Amino acid sequence: MPMRFSERTGWNTEESDLARAHRLRREAGLPIADLTASNPTRCGFGYSASLLQALADPRALDYDPQPRGLLPAREAVCRYYADHGVALDPAQIVLTTSTSEAYSFLFRLLCDPGSEILIPQPGYPLFDFLATLDDVRIKAAPLVYHDGWQIDAEGIRRAITPQTRAIVAVHPNNPTGHFTKPWEAEELARICRAHGLSLIVDEVFLDYAIGAATESKGETGRTGAGQETRTTAGLETGATREGSDAPWSFAAGLDGVPVFVVSGLSKIAGLPQMKAAWIVATGPERAQALDRLEVIADTFLSMNAPVQWALPAWLANRTEIQQQIRSRAGANLAELDRQLAAFPTLQRLAFEGGWYAVLRVPALEPDEQTALALLERGVWVHPGYFFGLPESGWLVMSLLGYEREFRAGLITITDYFRTNQDGKT
Ligand SMILES: Cc1ncc(COP(=O)(O)O)c(C=O)c1O
């Protein structure tokens with residue numbers, strides 16, 4: 001008898017054409033300008049060796065199984081939110097090994113098999129897998145673009161069914177870089193209250209608001225409108241709180257709505273390898289929610305002691321890496337805009353935060369083909385459909401890579417569109 005697998009793991013695990021082409025090129029030792037690089041530990045940033053010393057705390061020799069996480073670590077998370085103007089009680093926090101695990105705990109808290117969750121589209125591709133593994137169905141909470149991204153409230157309302165349990169917002173979103181504005185948060189709260197839904201907010205990119213004004217050419221790709229538009233981060237775009245440079249956090253809660261904020265060290269402290277994240281629970285029934293989350297966490301007790309003892313120091317030192325990341329992303333963004341200025345058919349969409357830029361390109365062939373053609377020329381970019389954008393006309397690039405590599409990759413991209421695609425129009 002052949003082994004019987006679960007239906008939920010019935011994925012097509014065959015290598016895609018794009019993945020194969022990338023592997024073959026790497027194996028052949030051919031150069032690749034990687035415009036998808038988003039692992040901060042491999043982008044040449046300076047990490048202090050003292051970060052590892054924090055792991056040698058002798059208190060970690062004791063095993064104290066605390067399902068919500070050790071108190072000093074949860075207090076450190078509270079200090080992080082205090083820096084964002086939100087006062088929290090450590091009892092509102094549950095530590096997890098990753099944001100992914102935090103999602104899984106929340107799906108198990110809120111959903112039965114077949115329940116539905118709305119996730120932002122375009123958005124983070126891992127949601128599909130996270131939901132499938134917990135027998136949850138996902139539906140799109142659409143974002144629309146008009147001189148900047150915004151939620152499509154009507155689209156969200158239409159997607160809600162009696163099976164819907166929660167809406168996910170990513171603040172700011174990956175890859176659109178869209179910060180949820182206060183008016184959008186209010187709209188989401190109204191929808192959640194009307195339908196008895198929870199709101200799950202992923203704030204892993206919260207501290208990466210685009211500090212300087214970011215410019216974007218108008219919607220020139222197809223309409224040829226050609227006008228310049230300007231978006232300014234900070235208060236005007238609703239990314240920061242009044243009287244503060246720090247971005248505003250949903251951890252403050254929303255009236256009458258169960259809000260669960262997930263975040264962690266992978267982006268905030270640039271330490272994805274350390275595996276530490278958290279859930280903040282707010283809202284009217286948070287005590288019951290936290291009791292249940294505690295049982296879920298107690299079942300796995302997945303946090304290890306050295307990381308929990310080190311977490312306060314890592315969070316306290318986060319600005320060191322955050323500054324490097326912001327400065328790299330800012331420099332690459334400036335280079336992107338400089339190179340695109342001469343190409344009216346390539347448009348960088350306006351965004352307010354995060355590490356990614358979305359490019360609107362002539363939709364003359366499937367983006368998979370474009371990505372393959374660019375790879376043959378030595379540049380690796382994401383086709384937009386990875387993130388739920390349409391099949392044609394969108395590329396997504398990370399702003400985290402080495403500046404020289406990023407610049408060279410962009411030259412190849414603009415050359416490609418000049419020589420190949422301009423000829424077809
Ligand atoms: C929106 C979003 N959430 C969560 C994560 C992953 O976080 P973690 O490493 O804590 O699972 C990512 C990683 O890219 C992400 O883009």
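**Entry 1: Asp415**

I started with Asp415 and found that this residue sits in helix α13, which covers residues 403-421. I kept in mind that I am reading a predicted model. Is Asp415 buried or exposed? I counted 12 other C-beta atoms within 10 Å of Asp415. A residue with 12 or fewer such neighbours counts as exposed, so Asp415 is exposed.

Then I looked up Asp415 together with Glu75. They are 340 residues apart in sequence, and their C-alpha atoms lie 52 Å apart in space.

**Entry 2: the eight-stranded sheet**

Next I turned to the sheets. One is an open sheet of eight strands with mixed pairing, and I wrote down its order as β2-β11-β10-β7-β6-β3-β4-β5. Which strands stand at the edges? They are β2 (93-96) and β5 (149-151). Each has a single partner strand, so one side of each has no neighbour in the sheet. I also noted the twist, which averages 25 degrees from one strand to the next.

**Entry 3: strand β7**

I picked β7 for a slower look. Five of the five residues of β7 are buried, so the strand is largely enclosed by the rest of the structure.

I remembered that side chains in a regular strand alternate between the two faces of the sheet. Then I sorted the residues by side: Ser198, Ile200 and Asp202 are on one, Leu199 and Val201 are on the other, and all are buried. Both faces of β7 are therefore covered.

Now for the partners of β7. With β6, β7 pairs in the parallel sense over five bridges, and Val168 stands opposite Ile200. With β10 (residues 259-264), β7 (residues 198-202) also pairs in the parallel sense, over four bridges. There, Phe260 is the bridge partner of Ile200.

**Entry 4: strand β10**

I moved on to β10, where six of the six residues are buried. Val259, Val261 and Ser263 lie on one side, while Phe260, Val262 and Gly264 lie on the other, and both faces are covered.

How do β10 and β11 run, parallel or antiparallel? They run antiparallel and are joined by six bridges. I found Val261 opposite Val280 of β11.

**Entry 5: helices on the sheet**

Which strands does helix α4 lie across? I traced α4 (residues 99-110) over β2, β3 (116-121), β6 (164-170), β7, β10 and β11 (277-282), and its angle to β11 is about 35 degrees. Helix α7 (residues 182-195) packs on the sheet too, touching β5, β6 and β7. The direction of α7 makes about 170 degrees with that of β6.

**Entry 6: around the ligand**

I listed the residues around the ligand: Ser98, Thr99, Ser100, Tyr124, Val170, Asn174, Asp202, Val204, Gly264, Ser266, Pro272 and Ala277. By class, this shell has five nonpolar, six polar and one charged residue. I recognised Asp202 from β7 and Gly264 from β10.

**Entry 7: a pair of helices**

I then compared α1 (residues 17-27) with α12 (residues 367-376). They pack at an angle of about 5 degrees, with axes 10 Å apart. That makes α1 roughly parallel to α12. From α1 come Asp17, Leu18, Ala21, His22 and Arg25, and from α12 come Glu368, Ala371, Leu372 and Leu375. This contact is made of five nonpolar, one polar and three charged residues.

**Entry 8: the buried side of α10**

In helix α10 (residues 305-316), I noted these buried residues: Val307, Gln308, Trp309, Ala310, Leu311, Pro312 and Trp314. What do they pack against? Their contacts are with α2 (50-53), α3 (71-82), β2 and α8 (265-268).

**Entry 9: the four-stranded sheet**

My last stop was an open sheet of four strands, ordered β12-β13-β16-β15, with antiparallel pairing. Here β12 (347-348) and β15 (382-383) stand at the edges; each has a single partner strand, so one side is left without a neighbour in the sheet. Further in, β13 (residues 356-360) and β16 (residues 394-398) share five bridges in the antiparallel sense. I ended on one facing pair there, Ala357 opposite Met397 of β16.

Definitions and conventions. Residues numbered from 1 in each chain as written. Predicted model: local features only at pLDDT ≥ 70, side-chain atom pairs only at ≥ 80, totals over all residues. Pairing = 2+ DSSP bridges. Helix = DSSP H or I, 4+ residues; strand = E, 2+ residues; numbered from the N terminus. Axes fitted to C-alpha atoms, helices over the stretch in contact; angles between N-to-C directions. Contact = placed C-beta atoms within 7 Å. Near = placed C-beta within 6 Å. Nonpolar A, V, L, I, M, F, W, Y, C, P; charged D, E, K, R; others polar. Parallel < 35°, antiparallel > 145°, perpendicular 65-115°, else oblique. Buried ≥ 20, exposed ≤ 12 C-beta atoms within 10 Å, placed from the backbone.
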